[in-house]
Amino acid sequence: MKLAAVSDTDLSADPRSSIKIRAPRREDGAGVWQLIADTTSLDDNSMYCNLLQCSHFASTCALAEMDGEIVGWVSGYIPPEHPDTYFVWQVCVAEKARGKGMAKRLINAVLARKVCANVTQVQSTITKDNKPSWALFGSIAETLDADLVRQPHFKRDDHFAGLHDTEFLVTIGPFERAALPVRSAA
């Protein structure tokens, strides 16, 4: 299967849906920050961090809008030392948009972009008890027909001074680009 060029507006799973997935803009930083702040299970970042993600890292981040409101967010980047890897920093979906596969659609939308043309693996860190994230990344691995490997990465006592649970590095891949369910995104 070849990757076809389509725009972000073509990424809604259901054409009757009012959900649009697109790259963020600087003006979205405060809205992204508020979405994350409203989701108590996520670690907060500064608003400045979200502004940088929406500007400097916009090509590897995505947001979902429903009726003009930000209801989904994924931030990530391609580490300079690993141009074949997309590292997912944070995924957030508003309560009213859950149960629609939004988190997976956001990640797939970024993976389908030209900036990720050389990406053959996805990484993230997840705490042991984060069942929704384990389910999400397990589903992504299954869709991509790729292995999922996990190992302790940032340890509670060694890296977090005992203040945060150990984060496990999750690696999915390698995978074939043809396995991506979304063909492309602008």
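Buried means under 20% relative accessible area, and exposed means over 50%. The structure is a predicted model. The exercises below use that cut-off.

**Exercise 1. Find the buried face of α2.**
Task: Which residues of α2 are buried, and what do they pack against?

Solution.
- Step 1. Apply the cut-off to α2. Cys49, Asn50, Gln53 and Cys54 are buried.
- Step 2. Look down the axis of α2. The buried residues fall within an arc of 135°, so they line one face of the helix.
- Step 3. Recall the helix geometry. An α-helix has 3.6 residues a turn, so residues three or four places apart point the same way.
- Step 4. List the partners. The buried residues of α2 pack against α1, β3 and β4.

**Exercise 2. Repeat the analysis for α1.**
Task: Which residues of helix α1 are buried, and which elements do they pack against?

Solution.
- Step 1. Helix α1 spans residues 29-37, and its buried residues are Gly29, Val32, Leu35 and Ile36.
- Step 2. These residues cover an arc of only 125° around the axis, which puts them on the same side of α1.
- Step 3. The packing partners are α2 (47-55), β2 (62-66), β3 (69-77) and β4 (85-93).

**Exercise 3. Place the helices in the whole chain.**
Task: How many helices and strands does the protein chain have, and in what pattern do they follow one another?

Solution.
- Step 1. Count the elements. The chain has five helices and seven strands.
- Step 2. Read along the sequence. The pattern is β-α-α-β-β-β-α-β-α-β-α-β.
- Step 3. Check burial over the chain. Of its 186 residues, 46% count as buried.
- Step 4. Check the contact range. Take contacts between residues at least 6 apart in sequence. Of these, 64% join residues at least 24 apart.

**Exercise 4. Sort salt bridges by exposure.**
Task: For the bridges of Asp28, Glu95 and Asp165, name each partner, give the closest N and O distance, and classify both residues.

Solution.
- Step 1. Start from the total. The whole structure holds five salt bridges.
- Step 2. Take Asp28. Its partner is Arg22, with the closest N and O atoms 2.9 Å apart. Asp28 has a relative accessible area of 9%, so it is buried. Arg22, at 4%, is buried too.
- Step 3. Take Glu95. Its partner is Arg98, and the closest N and O atoms are 2.7 Å apart. Glu95 is exposed at 58% relative accessibility. Arg98 is partly exposed at 40%.
- Step 4. Take Asp165. Arg156 is its partner, with a closest N and O separation of 2.8 Å. Asp165 is partly exposed at 37%, and Arg156 is partly exposed at 35%.
- Step 5. Look for a network. Salt bridges link Arg22, Asp28 and Glu65.

**Exercise 5. Describe the two pockets.**
Task: What are the volumes of the largest and second largest pockets, and what lines each of them?

Solution.
- Step 1. The largest pocket has a volume of about 1,100 Å³. Its lining has 39 residues, and Leu42, Gln90, Val91, Asn130 and Ser133 lie nearest its centre.
- Step 2. Assign that lining to elements. β4, α3 (102-111), β5 (121-127) and α4 (131-143) each supply at least two residues. The largest share, seven residues, is from β4.
- Step 3. Split that lining by type. It has 18 nonpolar, 13 polar and eight charged residues.
- Step 4. The second largest pocket has a volume of about 180 Å³. Its lining includes Leu35, Glu95 and Arg98.
- Step 5. α1 and β3 are the elements that give two or more residues to the lining of the second largest pocket. The largest share, three residues, comes from α1.
- Step 6. This second lining divides into three nonpolar, four polar and four charged residues.
- Step 7. Link back. Leu35 of that lining is also one of the buried residues of α1. Glu95 and Arg98 of that lining form a salt bridge with each other.

**Exercise 6. Check the backbone.**
Task: Where is the cis peptide bond, and where do Asp67 and Asp145 lie?

Solution.
- Step 1. The bond from Gly173 to Pro174 is cis, with omega near 0°. Pro174 is in the segment after β7 (167-172).
- Step 2. Asp67 is not a glycine, yet its phi is positive, about 50°. Asp67 sits in the loop between β2 and β3 and is exposed at 66%.
- Step 3. Asp145 also has a positive phi of about 50° without being a glycine. Asp145 lies in the loop between α4 and β6 (148-154) and is exposed at 71%.

Notes. Residues numbered from 1 in each chain as written. Predicted model: local features only at pLDDT ≥ 70, side-chain atom pairs only at ≥ 80, totals over all residues. Heavy atoms only, no water. Buried < 20%, exposed > 50% of the residue type's maximum accessible area, 1.4 Å probe, protein only. Helix = DSSP H or I, 4+ residues; strand = E, 2+ residues; numbered from the N terminus. Arc of directions from axis to C-beta. Contact = heavy atoms within 4.5 Å. Salt bridge = Lys/Arg side-chain N within 4 Å of Asp/Glu carboxyl O. 1 Å grid on protein atoms, 1.4 Å probe; cavity = no way out; pocket = protein on both sides within 12 Å on 5 of 7 lines; lining within 4 Å. Points joined across faces, edges and corners; volume = space filled by probe spheres on them. Nonpolar A, V, L, I, M, F, W, Y, C, P; charged D, E, K, R; others polar.
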